[in-house]
Amino acid sequence: MNQSVLHQLIYISDAAVAVTQELLSAIKDRAQKYNPEKDITGRLLATDRHFVQVLEGPKDAVEALMNNIRQDSRHQNVRILSLRPADGRQFVHWSMGVKSYLDAQEEQDMIQVLNMYGGCQSFTEQQISALEFMLKKA
Ligand SMILES: Cc1cc2nc3c(=O)[nH]c(=O)nc-3n(C[C@H](O)[C@H](O)[C@H](O)COP(=O)(O)O)c2cc1C
């Protein structure tokens with residue numbers, strides 16, 4: 001398959017360090033510099049325990065970035081939920097939009113659902129669709 005065909009990747013991981021606004025800002029700064037250079041867009045959701053991220057862009061660029069991210073010691077147990085060709089971008093406005101669920105009292109439901117998914121090791125298509133929905137609507 002042509003390596004430049006638009007693909008979408010979703011993964012979930014466990015935080016290996018304290019997730020703070022400073023950490024998320026550092027990731028966001030790095031992503032907002034690097035991702036546009038590689039034609040990558042996406043979104044990152046973070047709770048105090050887990051990250052869920054969607055990356056979209058040319059397949060080779062998405063895979064190269066994912067290789068980097070996977071080796072990042074700030075998280076572990078990285079589970080790729082999907083890597084698929086996509087007809088178009090869903091996160092066109094974000095080189096990397098970051099949404100944190102760290103201390104927002106009113107978002108406890110989202111935090112609970114994300115942490116529940118974060119505790120799973122395998123995922124059904126329905127669960128992956130639900131996470132994709134959360135990435136889009138968050
Ligand atoms: C949860 C998480 C998401 C990340 N997302 C991105 C991203 O979208 N783009 C990016 O360039 N780096 C991202 N990073 C940072 C990379 O893992 C890595 O630190 C960065 O690419 C620098 O790699 P280098 O040390 O090989 O230069 C993320 C890190 C974490 C922990």
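1. In this predicted model, strand β1 (residues 6-15) and strand β3 (residues 50-58) run antiparallel and are joined by nine bridges. Within this pair, I12 of the one strand stands opposite V52 in β3.

2. Both strands belong to an open sheet of five strands, ordered β4-β1-β3-β2-β5. The pairing in this sheet is mixed. Its edges are formed by β4 (75-85) and β5 (97-100), each of which pairs on one side only. Direction ignored, neighbouring strands of the sheet are turned by 15 degrees against each other on average.

3. Helix α1 (residues 21-37) lies across β2 (41-46) and β5. Relative to β5, the helix runs at about 165 degrees. β5 is also an edge strand of the sheet.

4. Which elements supply at least two residues each of the shell around the ligand? They are α1, β3 and α2 (59-70). The largest share comes from α1, with five residues. Helix α1 thus appears in two places in this note: across β2 and β5, and in the shell around the ligand. Strand β3 likewise pairs with β1 and contributes to the shell.

5. There are 15 residues around the ligand, and those that come nearest are A31, Y34, F51, I69 and D72. By class, the shell holds eight nonpolar residues, four polar and three charged.

Conventions
Residues numbered from 1 in each chain as written. Predicted model: local features only at pLDDT ≥ 70, side-chain atom pairs only at ≥ 80, totals over all residues. Pairing = 2+ DSSP bridges. Helix = DSSP H or I, 4+ residues; strand = E, 2+ residues; numbered from the N terminus. Axes fitted to C-alpha atoms, helices over the stretch in contact; angles between N-to-C directions. Contact = placed C-beta atoms within 7 Å. Near = placed C-beta within 6 Å. Nonpolar A, V, L, I, M, F, W, Y, C, P; charged D, E, K, R; others polar.
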